[in-house]
Amino acid sequence: MEIPYTVNARPDTGLWNAKVGVWLFLASEVMLFGGLFSSYIFLRLGADYNWPVGVLDAFWGCVNTLVLIASSVTIVMAWASLKMGKVMAYRIYLFITILCALGFMAIKTVEYKGKFEHFGVRLTDGTLLEGHFPKEGYRIEFEDVTKFTLELDGVYPESNPKDFLRDCTTPEAERKFLNAAGKEVILDEAGLNALRLEAKAQKKTSVELTSTKPLKFSIKRGAFGFIDPIYSYTAESIFFKDNTQTNGKLVKDSMTLEVDLADVRDCADAEKSLAWHYLGDEQKAKFIALRDEKLAAFKKSFGNKEDPYKSPHFKRHGLVLKVVGGAHAAAGHAKPEHGGAETDTTHAEHVASGHDHPSVVIEKKDITFWSNFTPKYNTYYAIYFALTSLHGLHVVAGALVLSYFLFFDGKLLRKDPEHMANRVEVGGLFWHFVDLVWIFLFPLLYLL
Amino acid sequence: MADTPEQIAKHVKKYLFIGALLIVFTFITVGMSYVELAGPDGGQTNNILFGMAVATFKALLVALIFMHLNHERKIIYKFLVFTFAFVLGMFVLFILCHDNPLVMDAFERSKSALEHAHYHHS
């Protein structure tokens, strides 16, 4: 069956059908993104923390804006070329548009990866430290672990009680487990099945094991993609995700962070912030110099009329210190307690790699919250990821449609170029809409 | 819309010009975001208003020229009038969380006025 009104106008609307269709679709898209922009307004006005402004790399945001503008021009040129019968030009413009879409997504991917690898740590006095994990980030170490309670018929029957040994640092040859009767137990599939049968016979759901030698555990959160093996822990016990529980002694509970930013906007007494306890007097002196300079500049512009501490602009520039230099010194400063930072790189290597940031060991008692820059971190990143990922999906969808036109619509192009031009116009309308959304996203998320 | 090849050939220059204009305004947006506009909150509100005004202008260029909304059939405008009425409604919803007629907002305003007075005396 021939689809009606693909080229000629329908009498009642005065338009070919697909155009009416795509505008109805775009109207619903306006509502979709409109709802998210409305959420942005609510989240920003209601934020009970300092809304991050200018924290993303504006350079790459700007490059992506230019990429999308260029692609908007090329797609409209592709349509115009086709209308004028210049098929080769049409193909070239369409191809450039698709390349722009791929370029946009490539840049977006790099930006996202950077967020996943960047961490923020809120300290108990309100100070915020940001930075990267060196080889390891958060590390928990247990010693004298001797007693194990293995859940064999728990809530999660699929969990394997062997998993808890993943982070045991005692060599495998030295691990020996005895059951309640003093019989040696081997924790392989057969051994576990025997334990299950035994527990079932005794109408128990768990079994207690003792290790002949105290074991050591070292659990760390390192690079992106690492799944935590533990559910929770206290000073004398670990609860593993496979439902195994142990006793033990917590000997290390701290984070190593290469600090690149110290934000004391929410700290009651900025000069006594924990940031300087960790980063040392050199950074504190830098901070005081920066703050006083910005205070003087503020006074110069506004006199005594305005309170600088009510100006987001002053706070953003005067109370947030970019921490550079002293990679070696600060690591030494925080070292004495609990073994300190075991940095594998020397100061010179840090400087050479362009990451001259002090590596500090932050104790658990000083931390209220930490996360990488994912939606969990704060509502800014939540709405950032919601908006940009939805927008990214639109870019991908648009690229797929345009690629279909380029690679699979050759037959229609030869048979009915006018129909093909209408298809490109509809695809182009969608593409312009994607650009239009980005025109608002870029300043809202990157600049303002 | 009846775009003949001759008419379209005339549009091509316009498309390139609008593309260049969009790039210029992108740089203006980036540049102005580093400029501290005057204002009691360090210019943040004014910076946002300026940035959004430029973005709206850019969006209008895209919609009117690239998306041909400067010469479109009536039915499309009918769709869009409804869409934008609702979307604008969503954008101003936040007003409800600032001025609630059911409680006494004067209480909060008087509190912040006190704080302000306190700062000037100290």
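**Backbone outliers and the A–B interface**

H68(B) lies in the loop between α2 (44-66) and α3 (74-91) of chain B. The model is predicted. Two residues with positive phi, H68(B) and D144(A), are described below, followed by the contact between chains A and B.

**Positive phi in chain B**
- Most residues other than glycine have a negative phi.
- H68(B), a residue other than glycine, has a positive phi near 60°.
- H68(B) is buried because 20 other C-beta atoms lie within 10 Å, and the criterion for a buried residue is 20 or more.

**Positive phi in chain A**
- D144(A) is not a glycine, yet its phi is positive, at about 55°.
- D144(A) is located in strand β3 of chain A, which covers residues 138-151.
- With 13 other C-beta atoms within 10 Å, D144(A) is partly exposed; the count therefore falls between the exposed limit of 12 or fewer and the buried limit of 20 or more.

**Contact between chains A and B**
- In the contact between the two chains, 44 residues of chain A meet 44 residues of chain B.
- On the side of chain A that touches chain B, at least two residues each come from α1 (17-46), α2 (58-83), α7 (312-318) and α12 (417-447) of chain A.
- The most is given by α1(A), which supplies 13 residues to that side of chain A.
- By residue class, the side of chain A that touches chain B consists of 29 nonpolar, 11 polar and four charged residues.

How values were computed:
Residues are numbered from 1 along each chain as its sequence is written. Chains are lettered from A and ligands numbered from 1 in the order in which they are written. This is a predicted model: local features need pLDDT of at least 70, side-chain atom pairs count only at pLDDT 80 or more; totals for chains, interfaces and linings use all residues. Two residues are in contact if their C-beta atoms, placed from the backbone, lie within 7 Å. Helices (H or I, at least four residues) and strands (E, at least two) are DSSP runs, numbered from the N terminus. Ala, Val, Leu, Ile, Met, Phe, Trp, Tyr, Cys and Pro count as nonpolar, Asp, Glu, Lys and Arg as charged, and the others, Gly among them, as polar.
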